[in-house]
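Let's take a walk through the side chains of this protein and see who is holding on to whom. Have the sequence and the structure open while you read.

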Amino acid sequence: MLVFIGFICILLLVVAHEAGHFFAARRNGIEVEEFGIGFPPKAKTLGVRNGTEYTLNWLPLGGFVKLKGEHDADTTPGSFGAARLIDKVKVMVAGVGVNFLIAFLLFTFVSLIGIPQLVPNQYSVESNATVQRQDVLAGFVAEGSPAEQSGLQANDVIRSIKAEGMCFDGGCDGFVLNESDDLGDATSALAGQNVSIEIERSGEEQRLNTTLLTEQEVEASKDTDDPKGYLGVVPSEYSTKRYTWAAPIVGAGTTVQFTQLTLEGLGGIVTGLFRGEVKEATEQVSGVVGVGFIFSSASFLGPVFMLMIVAVISLSLAVMNVLPIPALDGGRLFVTLLFRALNKPLTKETEEKIHGSGFAALMILFLLITVVDVQRFIL
């Protein structure tokens, strides 16, 4: 179900992207022949209005807008080719603009509710920030560790840990955990003792019991292929901050920050491909299956976290489309401007060769990423 939800989210973001092209074309006097959800072959015509056919197509890979005379060399009145260069630029960047706008609006909205921290030093306006949630989560649980023996599972929220029948500096509730480092401090102080761990799982409070490893056992495990801590858990943190008047500022700052991070990530992927590290490069990206897995594994964090992920995906689509990659918006714009700068005509045949080969390469990449996602998350 969550894979399906991830798929629907991506589909809606792509349709919104195409809607940007649609309205920009209409506004600048360019006729739109078809607005399609999915790619051909056509499954059904949903209707015809103002000369535009709205269709539902069999290949659920996004959507498209078919403009009248969409080749740069076309001179028919009302066609894309006959439009002024500035109007063509507006149409080509409109989809990217819509995805950036969606990301900004979603980041702003979740900032009003409580924006999750996904990266270190995430953009913030501390003078207006209120910490709404700060939890320590069980990340990796080592096999055969005290954590596994107690029944602790990945993604459990660890509230506190204490020795049975004893009180400590943290009070009779034991050590209350607010940061991931607190878990290491608590378990080292209680090494070798029987402890009670208060957790939250699926919204329900539970109490688990186990015996922590001694210092000697932890030291001995460091010399093996399976080193363990006192509890055998790699913790992670999940925190959210809520803003009021600063929410739009945080939305804009987060959009800029994640755009930069996305570009840096893409740069790392390209560098990896040039080095011949194809496997490593493909593992840094995810497609529909990967997004569904992210939704599934993080569903316990709630709908606000899901909205945050949708915002990041929208931003990623915007960044990808602005790059000079053939068949994508940035590639079409780059080719159009390049031929203008060279003062050479961009013929229909040349344009189709450039963007046709780019589209084929993108489809191969899409299939490759899907295969990698299936192997990584399902098999």
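What follows is a tour of charged pairs, one helix, one glutamine and a group of rings. Keep in mind that this is a predicted model.

**Charged pairs**

How many salt bridges does a search of the whole structure find? The search turns up 13. Here are three of them, with the closest N to O distance for each.

| Basic residue | Acidic residue | N to O distance |
|---|---|---|
| K42 | E53 | 2.9 Å |
| R201 | D156 | 2.7 Å |
| R332 | E351 | 4.0 Å |

Start with K42 and E53, whose closest N and O atoms are 2.9 Å apart. This pair links distant parts of the chain, with K42 in strand 1 (residues 32-49), E53 in strand 2 (residues 52-67), and the two positions 11 residues apart in sequence. The lysine still has some surface showing: K42 is partly exposed, at a relative accessible area of 41%.

Next come R201 and D156, which meet at 2.7 Å, N to O. Again distant parts of the chain are linked, here 45 residues apart: R201 belongs to strand 7 (residues 194-201), while D156 sits in the loop between helix 3 (146-150) and strand 5 (157-163). Are the two partners buried or exposed? R201 has a relative accessible area of 18%, so it counts as buried, the cut-off being under 20%. D156 is buried as well, with 2% relative accessibility.

For the third pair, R332 and E351, the salt bridge is 4.0 Å from N to O. R332 is in helix 10 (residues 329-341) and E351 is in helix 11 (residues 348-377), so the contact ties together parts that are 19 residues apart in sequence. The arginine is partly exposed, as R332 has 33% relative accessibility, whereas E351 is buried at 5%.

Salt bridges also join up into a network, whose members are R133, D135, R159 and E200.

**A look at helix 10**

Since R332 lies in helix 10, that helix deserves a stop of its own. Helix 10 is made of 13 residues, and the span from its first C-alpha to its last is 18 Å, close to the 18 Å expected at 1.5 Å a residue. Which residues of helix 10 are buried? They are D329, G330, G331, L333, V335, T336 and F339. After helix 10 comes N343, a residue with a positive phi, near 60 degrees.

**A glutamine in a loop**

Now find Q122, in the loop between strand 3 (115-116) and strand 4 (130-141). Q122 is buried, with a relative accessibility of 12%. What does the side chain of Q122 reach? It reaches the backbone nitrogen of L118, at 2.6 Å. Setting aside neighbours within four places in sequence, Q122 is in contact with I115, P116 and Q117, and also with Q257, F258 and M308.

**Rings**

A pair of aromatic rings is described by how far apart the centres are and by the angle of the planes. The whole structure holds 8 aromatic pairs, according to the search. One of them is F22 with F23, an edge-to-face pair with 5.1 Å from centre to centre and 85 degrees between the planes. These two residues differ in how much surface they show: F22 is buried at a relative accessible area of 6%, but F23 is exposed at 57%.

F35 and Y54 make another pair. Their ring centres are 6.2 Å apart and their planes stand at 35 degrees, so the pair is tilted. F35 is in strand 1 and Y54 in strand 2, so these rings tie together parts that are 19 residues apart in sequence. That brings us back to the strands that hold K42 and E53. F35 is buried at 10% relative accessibility, while Y54 is partly exposed at 24%. Taken together, ring pairs link F22, F23, F35 and Y54 into a cluster.

One ring has a charge for company: K88 lies over the face of F80, at 5.7 Å from the ring centre.

**One last stop**

I86 belongs to helix 2 (residues 85-113). I86 is partly exposed, with 46% relative accessibility. Measure from I86 to N28, C-alpha to C-alpha, and you get 9.7 Å in space for residues that are 58 apart in sequence.

Methods
Residues numbered from 1 in each chain as written. Predicted model: local features only at pLDDT ≥ 70, side-chain atom pairs only at ≥ 80, totals over all residues. Heavy atoms only, no water. Salt bridge = Lys/Arg side-chain N within 4 Å of Asp/Glu carboxyl O. Helix = DSSP H or I, 4+ residues; strand = E, 2+ residues; numbered from the N terminus. Buried < 20%, exposed > 50% of the residue type's maximum accessible area, 1.4 Å probe, protein only. Expected span 1.5 Å × (residues − 1). Polar contact = N/O pair within 3.5 Å; in protein donor to acceptor, adjacent residues only side chain to side chain. Contact = heavy atoms within 4.5 Å. Phe/Tyr/Trp six-rings, centres within 6.5 Å; stacked < 30°, edge-to-face > 60°. Lys NZ or Arg CZ within 6 Å of the ring centre and 35° of its normal.
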